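Hello,

Here is the structure I said I would pass on, with my notes underneath. Have a look at it first, and then read on.

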Amino acid sequence: MVRVRFAPSPTGHLHIGAARTALYNWLYARHYEGRFILRVEDTDISRSSQEMSEGIIKGLSWLGLDWDEGPVFQSKRLKFYQKKAEELVKRGAAYYCYCTPENRKASGQWQTRCACSSLSKEKIRHYEQQGLKKAVRFKVPGGEVRYKDMIHGTITTRSDNIEDFVLLRRDGLPTYHLSVVSDDIDQKITHVIRGDDHISNTPKQILVYKALGADIPRFAHMSLILGKDRKKLSKRHGETSVLEFRDKGFLPLAVVNFLAQMSWSPGKERIYSMEEMKEKFYLDRRSSGNPIFDLDKLEW
Ligand SMILES: [Zn+2]
């Protein structure tokens, strides 16, 4: 069964780019009679807020994008991620790093592998006795990572140049790579549909899936929306928050059609009902190319 998720970070309003990602996941789930899961990635406690979470949920509800499971809040699952990090250490796929950011920089040898990967048992015992704080780093294997993106086709990355990245920080909080893979495995996600600003994260995450012996989901990286000047979308291109559209009196179905038809063409340009969209939706290489944010198109 198809299982997809929308996983926003509540560090701002539900903006148009995130809403489009949510919509594509929702349409994909509904088209294949799968499940759409809502996950709130709020482990960055200093930047996340309850108010923003509520705003995002309100925005989704207004658009008519109902979810089947969740919302699951990552901030309530820290123990789960810590366990996963331990599991990776036990499997020999990760190691404790006792470095501080300062001494790592000061050592002057910024290498992809930290010296902590080959500490003797005595040294580790010594550090533990001193009560040093430690992070967990992933031990990136050599070779290459290859996967077939549903939109971009085959993507190959050499892993030799990837630094042994941190999974669990010294303060016990998971990094994005750890929390997202742990949750995607736990929630049995089959398709990861997200913005192509994540393309550089994906090889690292595939390595973590492999190290945990889990099935790797299919990935679809959607091209980001650009302004008419072909620059990254921002405030100066007009309203970018979903609730602003609501407050201006737009109908949710018009906004949904505007978002859907940015990089998917169901046929003639017109307003389609949710039912029609569910039926006709596809996600493949035809969805590549950066859509342009053109507010005139919202005036159906
Ligand atoms: Zn280290």
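**The cis peptide bond and strand β3**

Pro71 has its place in strand β3, which covers residues 69–73. Please keep in mind throughout that this is a predicted model. The bond that joins Gly70 to Pro71 is a cis peptide bond, with omega at about 0°. In general, most peptide bonds are trans, which is why I begin with this one.

**Asp68, ahead of the strand**

Asp68 is found in the loop between α2 (50–63) and β3. Is Asp68 buried, exposed or partly exposed? Its relative accessibility is 29%, so Asp68 counts as partly exposed.

Setting aside residues up to four places away in sequence, Asp68 touches Arg30, Gly34, Arg35 and Phe36. Two of these contacts can be described through the side chain of Asp68. With the side chain of Arg30 it makes a polar contact at 3.1 Å, and it reaches the backbone nitrogen of Phe36 at 2.7 Å. As for Gly34, its C-alpha atom is separated from that of Asp68 by 9.3 Å, with the two positions 34 residues apart along the chain.

**Two residues with positive phi**

In general, most residues other than glycine have a negative phi. Two residues here are worth a look for that reason.

- Glu33 is not a glycine, yet its phi is positive, about 50°. Glu33 lies in the loop between α1 (16–31) and β2 (35–40). With a relative accessible area of 71%, Glu33 is exposed.
- Arg230 is not a glycine either, and its phi is positive at about 65°. This residue is found in the loop between β10 (218–222) and α8 (242–247). Arg230 is exposed, at 52% relative accessible area; the cut-off for exposed is over 50%.

**Asp164, a buried acid**

Where does Asp164 sit? Its place is in the loop between β7 (153–158) and β8 (166–168). Asp164 has a relative accessible area of 2%, so it is buried. A polar atom of the Asp164 side chain lies 3.0 Å from the backbone nitrogen of Val140.

Which residues is Asp164 in contact with, leaving aside neighbours within four places in sequence? They are Tyr95, Thr112, Arg113, Cys114, Arg137, Phe138, Lys139 and Val140.

**Helices α7 and α9**

Helix α7 runs over residues 202–211 and is mostly covered, with eight of its 10 residues buried. The buried ones are Thr202, Pro203, Gln205, Ile206, Leu207, Val208, Tyr209 and Ala211. After α7 comes Gly213, with a positive phi near 70°.

Leu259 lies in helix α9, residues 252–260. Its relative accessible area is 0%, so Leu259 is buried. Not counting residues up to four places away in sequence, Leu259 touches Ile16, Ala19, Arg20, Leu23 and Tyr24. An α-helix has 3.6 residues a turn, so residues three or four places apart point the same way. If you would like a distance to check in your viewer, Leu259 and His191 are 20 Å apart from C-alpha to C-alpha, and 68 residues apart in sequence.

**The protein as a whole**

The secondary structure comes to 10 helices and 10 strands. The radius of gyration is 21 Å, close to the 19 Å that the globule rule gives for 300 residues, so the protein is as compact as a globular protein of that length. Along its principal axes, the C-alpha trace spans about 70 × 40 × 40 Å.

Of the 300 residues, 49% are buried. Among contacts between residues at least 6 apart in sequence, 76% join residues at least 24 apart. The accessible surface comes to about 15,100 Å², and carbon and sulfur atoms account for 49% of that surface. For the charges, there are 50 positive and 38 negative ones, and their mean positions are 5 Å apart.

**Where to look first**

If you have time for just a few places, I would open the cis bond between Gly70 and Pro71, then the side chain of Asp68 with its polar contact to Arg30, and then the buried Asp164.

Best wishes

Definitions and conventions
Residues are numbered from 1 along each chain as its sequence is written. This is a predicted model: local features need pLDDT of at least 70, side-chain atom pairs count only at pLDDT 80 or more; totals for chains, interfaces and linings use all residues. Side-chain values use heavy atoms; hydrogens and water are left out. Helices (H or I, at least four residues) and strands (E, at least two) are DSSP runs, numbered from the N terminus. Buried means under 20% relative accessible area, exposed over 50%, partly exposed in between (1.4 Å probe, protein chains only). A polar contact is a pair of N or O atoms within 3.5 Å; within protein, one must be able to donate a hydrogen and the other to accept it, and residues adjacent in sequence count only if both atoms are side-chain atoms. Contact means heavy atoms within 4.5 Å. The radius of gyration is taken over C-alpha atoms; the globule rule is 2.2 Å times the number of residues to the power 0.38. Accessible areas come from the Shrake-Rupley method with a 1.4 Å probe; for residues, only the protein chains shown count as cover. Lys and Arg count as positive and Asp and Glu as negative; His and the chain ends are not counted. The place of a charge is taken as NZ of Lys, CZ of Arg, CG of Asp or CD of Glu.
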